[in-house]
Number of protein chains: 2
Amino acid sequence: MKRGTSRDIRTANRYEVLRQIIASSPTSRQELAAATGLSLATVATLVGELLDLRMITEVGFEDSAGGRPRGLVAVNASGGALIGVDIAETYVHVELFDLALNVLARAEENMRPGESRPEQVVGHVTAAVGSVVAQAGVEAARVLGVGVSVPGQVDRDTGIAEYAPNWDWHDVPLLDLLSEHIAYPLYLDNPLRASAVAELWFGAARGHGDAVVVNLGTGVGAGLVLGGGLHRGVSNSAGEWGHTTLVLDGRLCRCGNHGCVETYVGALGIMQNLRELSPQSPLLHPGDQTATIDALAAGVAAGEQVAVKVVRDTARYLGAAVAVLVNVLNPEVVVLSSWVAARLGEPLLEEVREAVARHALKRPLAASRIVLSAIPTDPVCLGAATFALEGALQRVGQRSTKRATPARSRTAPAS
Amino acid sequence: MKRGTSRDIRTANRYEVLRQIIASSPTSRQELAAATGLSLATVATLVGELLDLRMITEVGFEDSAGGRPRGLVAVNASGGALIGVDIAETYVHVELFDLALNVLARAEENMRPGESRPEQVVGHVTAAVGSVVAQAGVEAARVLGVGVSVPGQVDRDTGIAEYAPNWDWHDVPLLDLLSEHIAYPLYLDNPLRASAVAELWFGAARGHGDAVVVNLGTGVGAGLVLGGGLHRGVSNSAGEWGHTTLVLDGRLCRCGNHGCVETYVGALGIMQNLRELSPQSPLLHPGDQTATIDALAAGVAAGEQVAVKVVRDTARYLGAAVAVLVNVLNPEVVVLSSWVAARLGEPLLEEVREAVARHALKRPLAASRIVLSAIPTDPVCLGAATFALEGALQRVGQRSTKRATPARSRTAPAS
């Protein structure tokens, strides 16, 4: 049974304190206690652990009114490096971050259609990881870990990509394959949870107990932040909202069901919305999702009726589907993330807000804000790197307590 | 921000230890530690608190192999009384429980259609509460509290029934009205959360981190147990799954939207399913939900084609809607509760399992069991009484710590 042990709490508090330090360096233990609600004694212990790990450093003193000068701490940006890997349908993005989660290096590999065998993907990831480490010039020993996001359903404990509908992958031992080429600790998860954890640490979900991060890309899903932490479900597959039924007996989905949310609001679904409205539209770039979504965004900006109508139709579907999340989960904030949301931007957001208001009950509606993700870089890379950061913080806990816990990473700690 | 403070943990642990003692009296501290995963020292402290409150008693010793005899504790059934109130569309049920949650007395008041003004409902509740206390012959001082469940959206902190669609109630200060007649501590919530907490403490959700309790009655909704506790959402309105869109532009719902789950699988929705299939069916009792559902249940038992088809159609809608909960939340168990589920029973359950399997993704589907509620009495009364028990346990915490917390009950503690 999953329950809040004191160990879970200690790990969550460690995350919270580091999050706060990253957000507001330099800061004092007193400010951290005020911001987190933790006792000063607890904050002092956690700050001590982070200092020992060189994740943060002492950076002097500030005057406190009349009292003793307060010691200030700040994130030790160069104390380690984290790598985030975003494996998507058509590309692999890799970013290397310092401990303040600044991007130090980027690499991108394009994958041609059909180029989706596991060993091909592993080759691209290996090349891109090598590239960012070389570009940034960091020592191997300073890389604390590599977070890897792969679409579909993943078993993070075993590192297996259980099912990726886009590539028809079944039970691919991705971390085992990667660990033959990459010596750093590896952490596997999927883009829903990566983008949710990015918003939780650095974005619109920060400081909110209950938040939903709606990913709109080729695939569609929702990362859930509930009770202040990521909600994974019993088999790490929560958030598969893209494959819930929006239209009974509706469009055929690649998951095999009919009428899934994804078939109406994913990139391919939006193309279909356009095709049904205006089959000969010059906005339609058959076989090219990115070009079509870009053309729609440009069309809306130029006030083209067909483009405006397609965004409205899409928002109508999306509003009904987002209202499900609002009514069922009653979150404080709903964040629209991933590339389709980023490109369609404010016009989509406004239409979605109106559509959600038509479908959601008043009380949960009044409690929820709907916003676009404000993370300026690839949130999936950032979130994947955050999993590596969390993994490093969790290993601290494993060293400092006697109690055994299941391994969260497929490989041995780097240290 | 909602976060796991050590105080929340202590309250949750207190619940967990008492739950375990209720489930397995007599039991030892060692067994409790093993069952809950808490340390023996923590268990000993919590057991001490419960002994001080006379909620449990020492009941002798058991031999342990070679070691010191272990002290046994058991719930002190007569140490207090709890009252649960289930205010529904057509009736008020009230049950009085001892601390082992055995029913000591019951009262039921019928409400005629139209008899739904707040003061009328308050009159029925007051009469029924007086009746159960008199029947059971308990002293007023021993009543630890009264949990009140009212349909719709409630603000438990202020005790206001914000919106009850069935009666068109808006912002009714129900606990203030009740407290003019009832001197015990009062706790307000709704049937979704009452039935969920009943399953969490005493039913199929016990011992599971993530569970969904689907309420099928006149109203429809889902009580959510996530991370081992009740998920309330930011404004205590999570679980309004009955008012999520199942059929875009579908049947008009009493909430004002179209195509809500409730309009297809609530008692009135099932009547409509029957009417559309066979407008002249003798199974249909216009204006009488209970008689119609009973007739359908009898018809299915007798193998009548129309009845079988209606249950199958209903399960087809319900399966798509339950699959949303399975895909989004990835729970270990889905419990079908409330009177429609109880009356249609196994035939509905089997059809629902098949329908969910057609709509849910394989990984979350494989992790979820779907079961009927096994709670033999009214789960809403039991859950409402459990809120009163939780309230009494929480007041312990408030007395034993210096830190202020918002009042969870509208009235002063009885003690």
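## Between domains 2 and 3 of chain A

Five residue pairs are in polar contact between domain 2 of chain A and domain 3 of chain A, counting pairs with both residues at pLDDT 80 or more, in what is a predicted model. On the domain 2 side, E8, helix H6 (191–202) and helix H13 (379–400) each chip in at least two residues. H6(A) gives the most to that side, with three residues. Sorted by class, the domain 2 side has six nonpolar, four polar and four charged residues.

There are also two salt bridges across this interface. Glu89(A) and Arg254(A) make a salt bridge through their side chains, 3.5 Å from N to O. The two domains bury about 1,200 Å² between them, with 49% of that coming from carbon and sulfur atoms. Glu89(A) turns up again here: along with Leu192(A) and Arg193(A), Glu89(A) is among the residues of domain 2 that lose the most area to domain 3, and the three together make up 49% of what that side buries.

## How chain A is divided

Chain A splits into domain 1 (6–75), domain 2 (79–194 + 378–400) and domain 3 (206–372). The C-alpha centres of domains 2 and 3 are 26 Å apart, and their contact takes 14 residues from domain 2 and 15 residues from domain 3.

## Where chain A meets chain B

Chains A and B each put 59 residues into their contact. Together they bury about 5,000 Å², 53% of it on carbon and sulfur atoms. Four salt bridges cross this interface. Arg316(A) pairs with Asp249(B) in a salt bridge, their closest N and O atoms 2.7 Å apart. On the chain A side, H10(A) gives the most, with eight residues.

Notes. Residues numbered from 1 in each chain as written. Chains lettered and ligands numbered in written order. Predicted model: local features only at pLDDT ≥ 70, side-chain atom pairs only at ≥ 80, totals over all residues. Heavy atoms only, no water. Contact = heavy atoms within 4.5 Å. Buried area = accessible area lost by both parts, 1.4 Å probe. Helix = DSSP H or I, 4+ residues; strand = E, 2+ residues; numbered from the N terminus. Domains from an automatic or database assignment. Polar contact = N/O pair within 3.5 Å; in protein donor to acceptor, adjacent residues only side chain to side chain. Nonpolar A, V, L, I, M, F, W, Y, C, P; charged D, E, K, R; others polar.
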